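Visitor: Can you walk me through this one? I'd like to start with a local detail and work outwards.

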Amino acid sequence: MSSYLFIILGAVLVNNVVFVRILGLCPFMGVSKKLETATGMGAATTFVLTMACGASFIIDRWLLIPNQLEYLRTLSFIVTIAAIVQLTELVIQKTSPLLHQVLGIYLPLITTNCAVLGIPLLNVSLRHNFLESLLFGFGSAMGFTLALVLFGGIRERLEAADVPVHFRGTAIAMITAGLMSLAFMGFAGLDKYK
Amino acid sequence: MLEALLVMALGAVVLGAALGYAAVRFRVEGDPLVEKIDAILPQTQCGQCGFPGCKPYATAIAKGEAEINQCPPGGEEGIHKLADLLGREFKPLSAEHGIEKPKSVAVIDEQACIGCTLCIQACPVDAIVGAAKQMHTIVAKQCTGCELCLPPCPVDCISMQPIGESVESWKWKYPVFKINPTQREAA
Amino acid sequence: MNNSPYFLQPASVQSVMLRVLLALLPGIAVYAWFFGGAVLVQIVLASITALAAEAAMLKARGKPLMMFLGDGSALVTAWLIALTFPPIAPWWLTVIGVLAAIVIAKHLYGGLGQNPFNPAMVAFALMIVAYPSLMSQWSAAGFTDFAPQWNAIFGTRQLDALTMATPLDALRTALHTPEARATVAGVLGNDASFGNIGGKGWEWVAAGYFIGGLYLLQQRIITWHMPAAFLATLFVITGGFALYDPGRFAGPGFHLFTGGAMLGAFFIVTDPVSGCTTPRGKLIFAAGIALLTWIIRTFGAYPDGIAFAVLLMNIAAPLIDMYTQPPVFGHKGKKGGSA
Amino acid sequence: MTALQRLFKFNGGVKPAYNKEASTGLPIAVAPTPTLLVIPLHQSIGGPPRPLVKAGERVLKGQRIGDADGNVSSAVHASTSGTVVAVEMRLMPHTSGLSAMCVVIEPDGRNEWIPRQPFDFRSASPAASRDFLRDAGVVGLGGAVFPSHLKLNAGKQGKLDVLVLNGAECEPFITCDDVLMRERPEEIIKGAVIMREMLSAGEVLIGIEDNKPAAIAAMEIAARAANRVAGANVYKVGSVPTRYPAGGAKQLIRVLTGIEVPHGERSTDYGVQCFNVGTAYAIHEAIELGQPLISRIVTVAGNVGQARNYEVLFGTPMKDLVALCAPLPDSDRLIMGGPMMGFRMPGDDVPVVKATNCVLVGSTALFPPPPPEMPCIRCGECAKACPADLQPFEMYWFSRAKIFGKAQEYNLFDCIECGCCAYVCPSRIPLVDYYRFAKSEIWAREVEKEAADVARDRYEFRLLREEREKQEKAAKLAAKTAAGREKAAAALAEAAKPAATPEEDAKKALIAAALERARTEKARVHPENTADLTPEQQAEVTAIEARRAEIREMAKPHLRPDD
């Protein structure tokens, strides 16, 4: 049981998908201006990533490996992810049109979010079984949401700070993200205890 | 090679079917966002944004055809609110749509008015009282300052007068920072 | 032409910052007594760099120089950096640390009062990630002759005689090498760098900081919430794990009186600008730092986790503040009177 | 101290230096009637009253010169008998330095009262007595000038548990309530009796800060006398610990009864209501003596030779009032109210109004300009000092950046602008200025929002009306053409009776009729122009015709046969 806990903790804190693996930066920068949009985006990505990990595992284990089609792995993963994202967009458009409008272009962009493709591929290379890959996907997505929400909290305060004019907006956001990943480096070396 | 094509075709078919079903089930009609945008606009119906009124401008913004900085009566504050609502970048007011003027009210010069009722038909909020060949006058409380009555007036007897501050409507000023100018421009 | 209120209580940012510097003096005195004058050189060096950097940034931003320079906040950051960096670190390491703190962590965010991260900890974290070896070479207790230390800071660095790892580092390496099968008691007992409770000499420095901290509490510059929560949580966790497996986990005495724990509790965690502001928020913030410090110290790759723990909790501070807002007058549920 | 159960505590608050001793040494003096009275019409919260007098009219003392505009307003009266010089815009005692409508009266020195008869409120209905108080111009004299008749409404439950009389007066320098309680406690208690009966309140608690022992003693004697009359221990005096702002209505209610009335809710819903002792005195004068509110006790203190309390007629220029106390030469400003919440006056000839509880003469020595403002270091001192348990540095953070939505999320409108946060701030930030700026911006936007909604409704109604008019016009047109068509069809129907298919016959008949009409029309209008010619013209015509024939003969061989 503890290995599952370590997978999740490892994915959320130790090698956080945004701060340590530096994946999924464009939505991280684009959507974190306000806390509501950040949480909305985090929830959407969590749903997509967990589904994607499950689907990619099934496709990989039952479709690609028996027919030695490993070279189709990336292609088929992308197709399934795109379909899941389209499904999510329809659901969000129906349930909360404001969130859909505010997330705007970043909702379909989940497909191109490198974290969403990266994690399933990592699952394959780490040879996780079905449950482990689901947990790893969910953990990484929680790490992504955590990063997004924390960053949203800070940016909402930075909005009112007297930042020098040339550093206003994305520049100061980049610097803050850099310092945040510096802080997450503190967890380095924690996962050798698995 | 054949299996690869087969697998991909199978994937495409299955996912296509799922999406088709979802598209039907999650049909969405109308767009509540237009009301939200329209609620922010100042409702002067003045047309300076290039659209015949605030509602058309709101639908244009919702569809993405119009920028959020084309409304001079809404001013910088209106643009900030639109930027927040739509999550877009704040852009200063675009010059070709006019400049932000202090809120003012139209006043008819009684000597010059000939009672031609052209301004009455032009006023979007029916704030002008009068009849053919009778004296016209503008109800100050209802005039939104959209200046649509200025062009049709043949004798140019309508002038815009900014609304002065009364003791009740006086606003506290932003505390001036005497010592560091940058902080003032930042705020 | 100012508006009400027309007279104010005598208080100023300068007096707050100067009293913080005053509170640091006991710790510094004991530090210099046990580990020689190197730390004083570092403090002077850091202060000069900090004031220069602050002046340059203020001029660049067109802000009036004298008013901001005199507020002493740059000095507090400089002293904290000098006290958390190894005393015999090369001069350029301290200068780069101070520049990073003042320029990047503070003025890029708008100057005093608007930095989301604690500047001193940003400097420490940056330097320990960039120069891990240099940052882990500390002087031993008792070697107080000044010439080699001065040489180590400014001249060529022949290190063997002077330097050794911090007690925390020594304990961690001993415990982590599986073959040695060392136990905490074994290591603490015979290694030269350990005093009776914490690190040799370091425990007295920690006591000095503790006295300074009490002065700050008495002056009501900091509230009890942060130091109390930090020390209590650290005590409870280390105590619990020490009971659970004394061989592998050091006791609370050791953890409290070594490394940056005491300095952190009263001077670093309580930085009002980057920390939490609501009473409950302060408790959660300080407890979080204590927990993360312990995790990084026991399992992590870096000897003292205070810096990273503070930065991590700085990240979470705005959210903690948002969700721990105290109830406003009239909205407190428990008031019997409200109908 | 009459038996009073335990007191409660409110968080925050500060202890500034009180400087109250200077102005309580001498008894209340009556300020002489000035040479000119400038009485502003709008002196209370609510709609501005309409002037009832014109220039040149003679008015008596206490005569109503401004009628309350609707229920949420209060009337205004002439402070003395004299002639109305003008009804015009005059400088108001407000930081904005703007002017407003005032009635300028030149006193004739006879001080002739209107006929005054007491109002029997016990027999009159509560609504009638409330209207009487509104027309008597009675407003809260604690500084809020809220029309008292609105507060004398017992609300949903119809009764009240506790009526609180506010004699706390926590603002430094101000002692008008203190000397009023010392010299006229019986009238205050009589006012309290009236209010208690109008609100059918259970008990009356009089909260007085414990740094006013003389006032507490005086009020207790009067309270004991009232208890004997009432036959029950109803009137109690509570000695409240001295801490600014213990005098805030909500804070005093909290200390005396433990009830915390949230912002935006009426305290009557919590069974409690708070009145200033000066208001109680004014209610007694209005109901038992029939005298409307025309004067009040005003403390003149600060940078003056001898600080003192005066009974001042409304409309007296502050310049004359301050002159009575020999202001020191270096005084450079007048502040209405105390140093914590007072407003700086735009000039010294502004009139004393109902809200003036103190005229504070300021100087740079007494109130030094604050040192330059430093950035906020989020130290939390202001949150500790805030009596409304708010987070002032968060509200400051967003008000400064003009992000008003977030400022409101931190309960900006719960702020009572008491000044404690700015008082303790180590960075010397004028916090209250930011909150006043943010509040007035938000109010202004709300007014604009309502105006925009009204404009949208009118615009949509206009579109609707235009649509309706278009349809009506089209309908009318259609009706007219339809009527025309029937008339024509009916006419032809009789003319062509044979049983051709009815509509096809009608159509043919219609065409025939149209043609017939066209032909007669054409003939009548254009006769053949060759018919009635003179003989010479006839000869000319035949000659031309002949030549034309000749030419045709010559051209024949060249033309094609069908030309």
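Visitor: What phi does G62(C) take, just after α2(C)?

Guide: A positive one, of about 70 degrees. Helices here are DSSP runs of H or I with at least four residues, strands are E runs of at least two, and both are numbered from the N terminus. This is a predicted model, in which local features need pLDDT of at least 70, side-chain atom pairs count only at pLDDT 80 or more, and totals for chains, interfaces and linings use all residues. Residues are numbered from 1 along each chain as its sequence is written, and chains are lettered from A and ligands numbered from 1 in the order in which they are written.

Visitor: How far apart are the end C-alpha atoms of α2(C)?

Guide: They are 33 Å apart, which agrees with the span expected for the 23 residues of 38-60 at 1.5 Å a residue. The expected span is 1.5 Å times one less than the number of residues.

Visitor: Which residues of α2(C) are buried?

Guide: Among them are V39(C), I43(C), L45(C), E54(C) and L58(C). Buried means 20 or more other C-beta atoms within 10 Å of the residue's own, exposed means 12 or fewer, and partly exposed is in between, with C-beta atoms placed from the backbone.

Visitor: And what do the buried residues of α2(C) pack against?

Guide: Against α1, α3 (65-69), α4, α5 (91-106), β1 (138-139) and α8 (146-154) of chain C. Contact requires C-beta atoms, placed from the backbone, within 7 Å.

Visitor: What about α12(C), what covers its buried residues?

Guide: The cover includes α11 (202-218), α13 (252-256), α14 (261-268) and α15 (279-299) of chain C. The buried residues of α12(C) include H225(C), P227(C), F230(C) and I237(C).

Visitor: Zooming out, what domains does chain C have?

Guide: The assignment gives domain 1 (13-164) and domain 2 (170-322); such bounds come from an automatic or database domain assignment. Over C-alpha atoms, the centres of the two domains are 21 Å apart. In chain C, 30 residues of domain 1 are in contact with 28 residues of domain 2.

Visitor: Which element gives the most on the domain 1 side?

Guide: α1(C), with twelve residues. By class, that side of domain 1 of chain C has 23 nonpolar, six polar and one charged residues. Nonpolar covers Ala, Val, Leu, Ile, Met, Phe, Trp, Tyr, Cys and Pro; charged covers Asp, Glu, Lys and Arg; the others, Gly among them, are polar.

Visitor: How many residues of chain C are in contact with chain A?

Guide: 28 residues of chain C, against 24 residues of chain A. On the chain C side, α16(C) has the largest share, nine residues.

Visitor: And how many residues does the contact take from chain D and from chain C?

Guide: 50 from chain D and 34 from chain C. On the side of chain D that touches chain C, α13(D) gives the most, with three residues. That side has 29 nonpolar, twelve polar and nine charged residues.

Visitor: Different topic: in what order do the four strands of the open sheet in chain D run?

Guide: β11-β10-β9-β12, with parallel pairing. Pairing requires at least two DSSP bridges between two strands. The edge strands are β11 (235-240) and β12 (272-276) of chain D.

Visitor: How many bridges join β10(D) and β11(D)?

Guide: Six, in the parallel sense. L205(D) has K236(D) in β11(D) as its bridge partner.

Terms used: Two residues are in contact if their C-beta atoms, placed from the backbone, lie within 7 Å.
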